[in-house]
Amino acid sequence: MTASLLTDSLRKRAALAGRLLAWYDRNRRDLPWRAGPGESVDPYRVWLSEIMLQQTTVATVTSYFADFTNRWPTVEALASAELDAVLHAWQGLGYYARARNLHACAKRVTTQFGGRFPASEAELATLPGVGPYTAAAIAAIAFGQAATPVDGNIARVMARLCAIEIPLPAARSEAGRLAARLTPKERPGDFAQAMMDLGATVCTPRRPACALCPWIDACNARSLGRAEEFPRRPAKRARPLRHGVIFWTERTDGSVLVQRRPESGLLGGMAEFPSTDWREEPWTDAEARRAAPVAIRWRRLPGTIEHGFTHFRLELTVWSGRIDSHPAAILGNARWCEAGALSGLALPTLMRKVARHAMEHSGETGT
DNA sequence: TATACGTGGTT
DNA sequence: TAACCAAGTAT
């Protein structure tokens, strides 16, 4: 018997929710940000985990979450940190606007709300970096409000349960409307987490384990034999390939030229090595020399750095140059960083690849 | 509504 | 291997 959430009785919907909660109680995963039995929920940890988990896997988040909560056990502690320290701790996690908003949000909660996160979905949604999903998730999980977050898991579970034919991203709001009809007054936070766990472990994007699903008899997509076809997705656009030249500028004392990226946009606020623009047209050697941060003898290192961003792929050529003493004319906002201090910089993964490549090839002859 | 925004793991 | 995918938000 399949579910029809718009016409099913309240009792039938409550039974469906109850079955999922029972499944959750049997299969509950112990995650570091979840309160253990008898522990009270800490809104700070819920919020921090939800921000980290945006578009990021549990496996990746775990070590960052442990590091952040060790260094900054409270929202006030995080608010007191320097932005650069937060960016440094966030390096490698990606989507760096999250780190900037995290810091801004901690300050807002500390100054505007006296260190207590607001409990309502509407107030939560006014905080930097907190959108509709995160506001609902915190309200439900940390404050027991009957809110219905819709993440990718929940959208997929609902799209299958109700065979939503509308393609993403519009399917998301439809999924939210339907999921709200299932959300129980009791344990709304557990219900949301149960939906997400179900999506993450059973109702997976590919090859869902329907035999293990507490909703197998209610699932419309399953009854149609089309579970894997939901949610419908629009065709993806190809990611263009962009090219750039990046300059590894070494002083005779071993220092390297670095600079800070603009506060917003790609890798905003993170450290980088001076580089050309990243464009689709490859750079000629002559163009690269003209774009170099200082007029010295450069050599092009063998090989390239390849890196994938969300909306384009990047191929960087690394050029290496050595310079004596203190050149009068450089820089812009660039500065020298001692070799041993590189690890103290907030370097995104791309720039770590560049540094590793440059150091591996230092001493070789370029082509 | 559409696009910008990282990275690592899986298939 | 290239594509796909992940507990989304800001603009």
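## Close-up views of the predicted model

Tryptophan 90 is buried, with a relative accessible area of 0% (buried means under 20%, exposed over 50% and partly exposed in between, with a 1.4 Å probe and protein chains only). Welcome to a predicted model, in which local features need pLDDT of at least 70 and side-chain atom pairs count only at pLDDT 80 or more, while totals for chains, interfaces and linings use all residues. Residues are numbered from 1 along each chain as its sequence is written, chains are lettered from A and ligands numbered from 1 in the order in which they are written, and side-chain values use heavy atoms, with hydrogens and water left out.

**View 1. Tyrosine 44 and tryptophan 47 pair their rings within helix α2.** The structure holds 9 aromatic pairs (rings of Phe, Tyr and Trp, the last by its six-membered ring, with centres within 6.5 Å; planes under 30 degrees apart count as stacked, over 60 as edge-to-face and the rest as tilted). For tyrosine 44 and tryptophan 47, the ring centres are 5.9 Å apart and the planes meet at 40°, so this pair is tilted. Both residues belong to helix α2 (residues 43–52) and sit 3 residues apart, about one turn of the helix; helices here are DSSP runs of H or I with at least four residues, strands are runs of E with at least two, and both are numbered from the N terminus. Tyrosine 44 is buried at 4% relative accessible area, and tryptophan 47 is buried at 0%. Ring pairs link these two with Phe117 into a cluster.

**View 2. Phenylalanine 68 and tryptophan 90 form an edge-to-face pair.** Here the ring centres lie 5.8 Å apart with the planes at 85°, so the pair counts as edge-to-face. Phenylalanine 68 comes from helix α3 (residues 58–71) and tryptophan 90 from helix α5 (residues 83–90), so the pair ties together parts that are 22 residues apart in sequence. Phenylalanine 68 is buried, its relative accessible area being 0%.

**View 3. Two arginines place their charged ends over aromatic rings.** The charged end of arginine 242 sits over the ring of phenylalanine 312, 3.9 Å from its centre (a charge sits over a ring if NZ of Lys or CZ of Arg is within 6 Å of the ring centre and within 35 degrees of the ring normal). Arginine 279 does likewise with tryptophan 283, its charged end lying 3.7 Å from the ring centre.

**View 4. DNA strand C is surrounded by 26 residues.** The closest are Leu53, Gly129, Asp151, Asn153 and Arg156, where being near a strand means having a heavy atom within 4 Å of it. Sugar and phosphate make up 71% of the strand's atoms that come within 4 Å of the protein. On the phosphate side, a polar side-chain atom of arginine 156 is 2.6 Å from a phosphate oxygen of DNA strand C, and a backbone N or O atom of glycine 152 is 3.1 Å from a phosphate oxygen of the strand. Arginine 29 reaches a base instead: a polar side-chain atom lies 3.5 Å from a base nitrogen of DNA strand C. The elements giving two or more residues to the surface near the strand are α8 (132–143) and α9 (152–161).

**View 5. Glutamine 54 and glutamine 55 lie in the loop between α2 and α3.** Glutamine 54 is partly exposed at 22% relative accessibility, while glutamine 55 is exposed at 72%. Leaving out residues up to four places away in sequence, glutamine 54 touches Arg98, Gly129 and Thr134, a contact being heavy atoms within 4.5 Å. Its side chain and that of threonine 134 share a polar contact of 3.0 Å (a pair of N or O atoms within 3.5 Å; within protein, one must be able to donate a hydrogen and the other to accept it, and residues adjacent in sequence count only if both atoms are side-chain atoms). Glutamine 55 has a positive phi of about 60°, although it is not a glycine.

**View 6. Two peptide bonds ahead of proline are cis.** The bond from leucine 168 to proline 169 has omega near 0°, and proline 169 is found in the loop between α9 and α10 (170–182). From phenylalanine 230 to proline 231, omega is near -5°; proline 231 lies in the loop between α12 (220–223) and β1 (241–251).
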